[in-house]
Amino acid sequence: MEPDIIFQPLNFRNLTVKNRIFRSNISGRFDNYDGSGTQTRINWEEKFARGGVGGIISSFVPVSIRGRIVPNYATIDRDERIPFWRKLGEKVHEYDCKFIMQLSHSGRQQDIAGIENLKRKPLSSTSKIESFHGFRPQAMTHAEIQETVQHFADGARRARQAGLDGVELHGANGYLITQFLSSGVNDRTDEYGGSLENRARFLLDVIRAIRREVGNDFHLQVKISAVDFNAAVIPWEKKGNTLEDTLQICRWVEEAGADAIHVSTGSLFPHPRNPIGGLPAEMIAQTYDSMISSGVFTFRNFLLMRYRLLRPIFRLLWNRQRGKVIEGVNLEDSRAIKKNVQIPVLCTGGFQTASFIRQAINTGACDGVSIARALVANNDLVNIFAQGKDRPEKPCTHCNKCLANVIENPLGCYEVSRYDGDYDAMIRQVMSVFIPSGFE
Ligand SMILES: Cc1cc2nc3c(=O)[nH]c(=O)nc-3n(C[C@H](O)[C@H](O)[C@H](O)COP(=O)(O)O)c2cc1C
Ligand code: SF4
């Protein structure tokens, strides 16, 4: 019998992972306001390591306080953060699971700026108001660009000093790197804007700076949106980058020294195609109120979700370009990227079925997959696959209720039908992330 490709090790240039399934970047606001880490985050990551994933790719880890999306996410903005990340890495390693830190900067996409950022505008490639939430950024000066490039390099150095297994640059989903890459967002007229080569300069500067800082033998991957779909929600927006643009960017990324590509989609987060699935508008309205003061269109969005009679308008806008595919929504883009580069390619988006994942890898669409929500629903999904089952008994419905809650409530699976309608059982499961507290 052919060995199961899902359980074959994946060899990157500087890292070997025991199987082909990664926990994709996902976390709740589990840490302290100032960006110091907590036992809760360690508990969160341990759930997935125990459940059998080969590697965990962390959620958004800000390289500076100015670059965070919300408070209460652990940061890597100073050396004092290293001991926490070391402890987290050691816990995950107990399960022979690798840990890759996602180095991130929000740019203009700052959902809740936090008190330290309240008196300054978020940095971006542009000063244009973002068209969905209405975030108000300020175009970065050359000095700010250079400083931010160094923040990424320092973050990579700290991740290495913490004994982690690699870093990922968050170059997808509308955050700062996308804001430079995207023709729909970047309106600069200097050497960081205009042509594709100029728009890619910031990302390539970051990769080269990291290589200078940590050397050539530390794993570095880049998460990228294969297609921007920048006009998906607001029809009069520019379309943004195409797959052809991204194929060229990926070739440059490889030349600059990256070890892998992680394929995602969309120039905004969340985006109709990411995370693909349901739009629980009523539930989103219960938490989106925390963002009302963050942008000039946030109150409009809140009203469109809050009132039943207005919801069809919001649904119409949100679902216009969503498409019907859920499992493997980015797979054909990943296949095209894989044909264009020599380095391994990971793909995210809707994966939950062993036979589907096996086929995706066997037919050359990707070398491994990353999973977020299906692992939130079933932390032990990989162990379930190892037992020969194709799908879990109570699969993730991709309803996006976890996403709807994350801005205010602890992250977990909020689909009560998965708990046979038992609300208390659901809350017990969600709250299990706080145990142990670290003070026993
Ligand atoms: C609540 C939530 C938080 C997320 N946070 C991040 C993040 O910090 N960084 C990131 O790159 N992607 C983030 N994602 C996207 C996921 O990593 C993943 O790529 C996406 O959900 C598609 O995979 P899935 O269908 O397996 O969930 C998040 C998704 C959800 C639902
Ligand atoms: S709430 Fe649960 S079922 Fe719904 S998308 Fe999130 S993890 Fe999946």
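In this predicted model, ligand 1 is surrounded by 25 residues, of which S24, N25, F60, P275 and A372 are the closest. Two or more residues of that shell come from each of β4 (55–62), α12 and α14. The largest share, three residues, is supplied by α14. By character, the shell around ligand 1 holds 12 nonpolar, 11 polar and two charged residues.

Around ligand 2 there are 14 residues, and those that come nearest are C396, C399, C402, C413 and E415. Both α12 (373–377) and α14 (401–406) give at least two residues to this shell. Here the largest share, three residues, belongs to α12. The shell around ligand 2 divides into seven nonpolar, three polar and four charged residues.

**The protein as a whole**

The secondary structure consists of 15 helices and 12 strands. The radius of gyration is 20 Å, close to the 22 Å that the globule rule gives for 440 residues, so the protein is as compact as a globular protein of that length. Along the principal axes, the C-alpha atoms fill a box of roughly 55 × 55 × 45 Å. Of the 440 residues, 54% are buried. Among contacts with a separation of 6 or more, 72% are between residues 24 or more positions apart.

**Two helices**

The table sets out helices α1 and α5.

| Helix | Residues | Number of residues | End-to-end C-alpha distance | Expected span |
|---|---|---|---|---|
| α1 | 39–50 | 12 residues | 16 Å | 16 Å |
| α5 | 196–214 | 19 residues | 27 Å | 27 Å |

For α1, the distance between the end C-alpha atoms agrees with the span expected at 1.5 Å a residue. The buried residues of α1 are Q39, T40, R41, I42, W44, E45, F48 and A49. These buried residues are covered by elements that include β3 (21–23), β4, α2 (82–93) and α12. Two of the elements named here also contribute to the shell around ligand 1, namely β4 and α12. After α1 comes G52, which has a positive phi near 105°.

For α5, the reach from the first C-alpha to the last is likewise close to the expected value. The helix nevertheless bends by about 40° at F202. F202 is itself one of the buried residues of α5, a list that also contains R199, A200, L203, D205, V206, I207, I210 and V214. An α-helix has 3.6 residues a turn, so residues three or four places apart point the same way. The buried residues of α5 pack against three helices and two strands: α3 (142–161), α4 (176–181) and α6 (243–256), together with β8 (166–171) and β9 (219–225). G215 follows α5, and its phi is positive, near 85°.

**A loop residue**

Where does K121 lie? K121 is placed in the loop between β5 (98–104) and β6 (123–124). Is K121 buried or partly exposed? With 16 other C-beta atoms within 10 Å, K121 is partly exposed, because a buried residue would need 20 or more and an exposed one 12 or fewer. Leaving aside residues up to four places away in sequence, K121 touches R136, P137 and Q138. K121 and G166 are separated by 45 residues in sequence, and their C-alpha atoms are 31 Å apart in space.

Definitions and conventions: Residues numbered from 1 in each chain as written. Chains lettered and ligands numbered in written order. Predicted model: local features only at pLDDT ≥ 70, side-chain atom pairs only at ≥ 80, totals over all residues. Helix = DSSP H or I, 4+ residues; strand = E, 2+ residues; numbered from the N terminus. Expected span 1.5 Å × (residues − 1). Bend = angle between axes of the 7 residues up to and from the residue. Contact = placed C-beta atoms within 7 Å. Near = placed C-beta within 6 Å. Nonpolar A, V, L, I, M, F, W, Y, C, P; charged D, E, K, R; others polar. Rg over C-alpha atoms; globule rule 2.2 N^0.38 Å.
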